[in-house]
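Hi there,

Here is the structure I promised to send you. Have a look around it first, and then read on for what turned up.

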Amino acid sequence: MAIETYYPFQEAEPKWQQKWAERGLFRAQIDGKRPKAYVLEQFPYPSGKLHMGHVRVYTIGDAMARFRRMQGFDVLHPMGFDAFGLPAENAAIQRGVRPADWTEQCIDAMRAQLDRLGMSYDWDREVVTCRDDYYRWNQWIFIKMWEQGLVERRKAAVNWCPKCQTVLANEQVINGRCWRHEDTEVDVRQLDQWFLKITDYADELLRDLDDKLAAWPNLVTAQQRNWIGRSEGALVKFKVKETGEDLPIFTTRPDTLFGVSFMVMAPEHPKVQEWITGRPNEAEVKNFINKIVLEGRERRTDEAAEKEGCPLGITAINPVNGREVPIWIANFVLMEYGTGAIMAVPAHDQRDFEFAKKFNIPIHVVIEPEGQKLDAATMTAAYTEPGKMVNSAQFDGMDSVPAKRAIVEWLAGRNQGEPTVQYRLRDWLISRQRFWGTPIPFIYCEHCGLVPVSVDELPVKLPKDAKFGDGSPLAGVPEFVNVTCSKCGGKARRETDTMDTFFDSSWYFLRYCDAKNAELPFGGEAQSWMPVDLYVGGKEHAILHLLYSRFFTKVLRDMGLIKLDEPFSRLLTQGMVLAEGRDPRTGDVRFFKMSKSIGNVVDPSEIIGQYGADAARMFILFAAPPDKDLEWTTAGVEGIARFMNRLWRYLQTNLEALKKGFSENGDVAPSELASAEDRALLRQVHETTRRVTLDMGERQQFNTAISACMELLNALYGWELRDDSLARRLAATAMSRLALLISPFAPHLAEEIWSQIGAAGLVAEQPWPEWNQDALRVDEIEIALQVMGKVRGHMMVGVSEAEEAIKQRALADEKVKQFTDGKTIRKVVYVKNKLVNVVAN
RNA sequence: GCGGACGUGGCGGAAUUGGCAGACGCGCUGGAUUUAGGUUCCAGUCCCGCAAGGGGUGGGGGUUCAAGUCCCCCCGUCCGCACCA
């Protein structure tokens, strides 16, 4: 009769969690003698409840942290909370609770859940961004940035989310909609706002992607490259005939300059208003501008949108040939990019071509494909490829590619243009008209104007209460707003905008290194711990958090706070957790991202209650490689629980033998074993050790590491545990090894096995096991016998057997003979320890 | 359109450098234990075939003694950006 034995995780898990805490095993210390490993997962927003996605990131990070600790690294594995943000304000509106109280409650609940999962954090370093011992350093950094000229307050066209009731950074607008409200289009408003000059670092942010972040996933570096959008070209000055002023434009195609047949300015271009004022068509132009602006940016930037334009009735003079061309305004030219004005070459740019056709503007061909003539009258599309220059004066006959440079040099010599680089990246709009964020430490003095708060007056604390609902909550708190100027003592008004919460998360990884520093945001300890060796987080931050953090690191470096170019040497972007659900539209059953609307959310607490934290952790690591999406299935979790119980049952069934074996003389050495079965098992113990070590350390493939452990257990079940000392010791070697190897994934079960078998101390403080090359060695190995690349049989060979002898034996093999019969042997290939391939025809 | 990732059994996924495709797990089939169900254990499970054998990693070509892996051309899926001059 089968023994009904189950691993009692309900008792075991809290017991070991308490022991780890008592021993302070996860407190990070660095002595410089041992290698360090900074393992970090993106900290959560404290919503009050962990979801499966959290469990996945934190399990991956914890497995790595535990592994590195056992390997003898000094490990920093901290946790904290990204605690500023709108949900706390919504809670204030809906339930009348203070954002601070609500947030702190949520933090307590989430910390408890993380502990229940057995996460090995150094809680002494906890960082909570909404506490003033953290956000005061946001303010400090902000003022230092101001001093460095990296902060600007200026009027600009900015994105406004009507739901958030605040402005957003460009990175937070997705297809014209708010990143938190997919259903909400953002408006464009002209407002005075605070910007961080991330564009000053555009070039370095781009360059370092190539070499310093070679270990990052391509997906992320490619997205960042795309976002920064470097583009080389030239600035060319056209002269406006009617006013004598310059109209500078940016182009990547100076080789097409001789083909310019019109110019286009963005409708918002400030010069437009100026130049048309008092002209006969003033009203017409203004009507057009209004129409375009009212359409909204999203409609306007849709590629499918019809090209619309309006001539200004003024002319520009082409610096290369003196040709006079009309200036238009049109919906497809954006004020934010380049100079807000372009030269249009319909023959060689598809947009310009469509526009010219629509409005009957001449087309001048200036580049032709090798050996071919282009006729402007019959062209149906722009020719955008390189080719031979024509109709371009002294440049005729040149290849268009080198001609770019030649033309720019020629222009530069006459002071009419210069080579230049444009970026798509915009400065980071950092101010928010919200309450629950870091107050921007500035005041507006009636006499002195904009004055930064002096750093020794920090923090500028948030008031406890405010009125939520309408407009900026801080503006409605007079005690907060009304101040005296620190310079002149006169009446002043405090800035009521707060910082984008991405400011908070752009440097929290540095604060963990020195979390209690009261003098500086962080000190020298950061130099010892940084960079983060493994950063685990979601792909959704590919540009946003990850770009901002890179920017901050470079800024803080240039302020002299740390010597460091990049914060995260290795990045692991984990996939989503999916579960089966029914498509609300088609009714199909398939896997979806867990969501309330589909009703396929699996609550981690329920899983922990039913199967235990270890089963949840192990399933998550086993079901898919970390960077891929994971399909959550109950059957899969049960499969893992079954493995854990099988392991447990082996221990219980053979407990006396294992305890005895463990107490007798330690691990078995290869030289002690005679029988082939024993040697095979010991070899597998070491082979498993090797595989798990490499899968974890080199490849971060936890799924295959766990498979290897399963195979070892299967082998142990298939091996006969005899009633003798050697066999007992071998079984104990295998069992104790399994405890060590699974401990990064299932730390509680590992401790329970370790203690039951009679081992001293905690698994969490054991050194990681090493594999023994002697144990891996074999005398004989089975190789494949192939004829013409097809496997026809197998054969045992001695590891030191001569190649020639092996080939002869292979040729003499019955199966091989059967397939080579009547054919000529052309060649015999031997691959050591793998196969013999006979080529015969 | 540009950029990135990917395509292997019924399913999740394995396969360091080109070297026995399908490890491990789920599911399924048969059997044992059990009053029964569950649990547990044993055997099987890429496809065709009674077998010998043949076919097989999205499709088509190529290199090679040997290709899931390398090269070329297609097809498809997913993700990001998108009138950026």
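**Where the protein meets the RNA**

Let's begin with one contact: the side chain of Lys307 has an N or O atom 2.3 Å from a base oxygen of RNA strand B. Please keep in mind that this is a predicted model.

Asn837 also reaches a base, with a polar side-chain atom 2.8 Å from a base oxygen of RNA strand B. Phe332 uses its backbone instead: a polar backbone atom there is 3.2 Å from a sugar or linking oxygen of the strand. What share of the RNA atoms within 4 Å of the protein belongs to sugar or phosphate? It is 62%, and the rest belong to bases.

In total, 65 residues surround RNA strand B, and those that come nearest are Thr252, Lys307, Arg351, Arg642 and His794. Sorted by character, the residues of this surface are 23 nonpolar, 19 polar and 23 charged.

**A helix beside the RNA**

Which helix gives the most residues to the surface near RNA strand B? That is H23, residues 702-718, with six. You can check its length yourself: with 1.5 Å a residue, its 17 residues should span 24 Å, and the C-alpha atoms at its ends are 25 Å apart, so the two agree.

H23 also has many neighbours within the protein. Its buried residues include Phe702, Ile706, Met710, Leu713 and Leu716. The buried residues of H23 pack against helices H2 (52-70), H19 (613-623), H20 (634-653), H22 (676-699) and H24 (725-742).

**One residue up close**

Next, try finding Thr221, which sits in helix H7, residues 218-228. Is Thr221 buried or exposed? Its relative accessible area is 4%, which is under the 20% cut-off, so Thr221 counts as buried. A polar atom of its side chain lies 3.2 Å from the backbone oxygen of Asn218. Leaving aside residues up to four places away in sequence, Thr221 touches Leu209, Leu213 and Trp216.

**The whole chain**

Finally, zoom out to chain A. Its secondary structure comes to 28 helices and 34 strands, and its C-alpha trace spans about 110 × 85 × 55 Å along the principal axes. Of its 841 residues, 54% count as buried. Among contacts with a separation of 6 or more, 71% link residues 24 or more positions apart. The accessible surface of chain A is about 37100 Å², and carbon and sulfur atoms make up 48% of it.

Enjoy exploring, and write back with any questions!

Best wishes

Definitions and conventions:
Residues are numbered from 1 along each chain as its sequence is written. Chains are lettered from A and ligands numbered from 1 in the order in which they are written. This is a predicted model: local features need pLDDT of at least 70, side-chain atom pairs count only at pLDDT 80 or more; totals for chains, interfaces and linings use all residues. Side-chain values use heavy atoms; hydrogens and water are left out. A residue is near a molecule or strand if one of its heavy atoms lies within 4 Å of it. A polar contact is a pair of N or O atoms within 3.5 Å; within protein, one must be able to donate a hydrogen and the other to accept it, and residues adjacent in sequence count only if both atoms are side-chain atoms. Helices (H or I, at least four residues) and strands (E, at least two) are DSSP runs, numbered from the N terminus. Ala, Val, Leu, Ile, Met, Phe, Trp, Tyr, Cys and Pro count as nonpolar, Asp, Glu, Lys and Arg as charged, and the others, Gly among them, as polar. The expected span of a helix is 1.5 Å times one less than its number of residues. Buried means under 20% relative accessible area, exposed over 50%, partly exposed in between (1.4 Å probe, protein chains only). Contact means heavy atoms within 4.5 Å. Accessible areas come from the Shrake-Rupley method with a 1.4 Å probe; for residues, only the protein chains shown count as cover.
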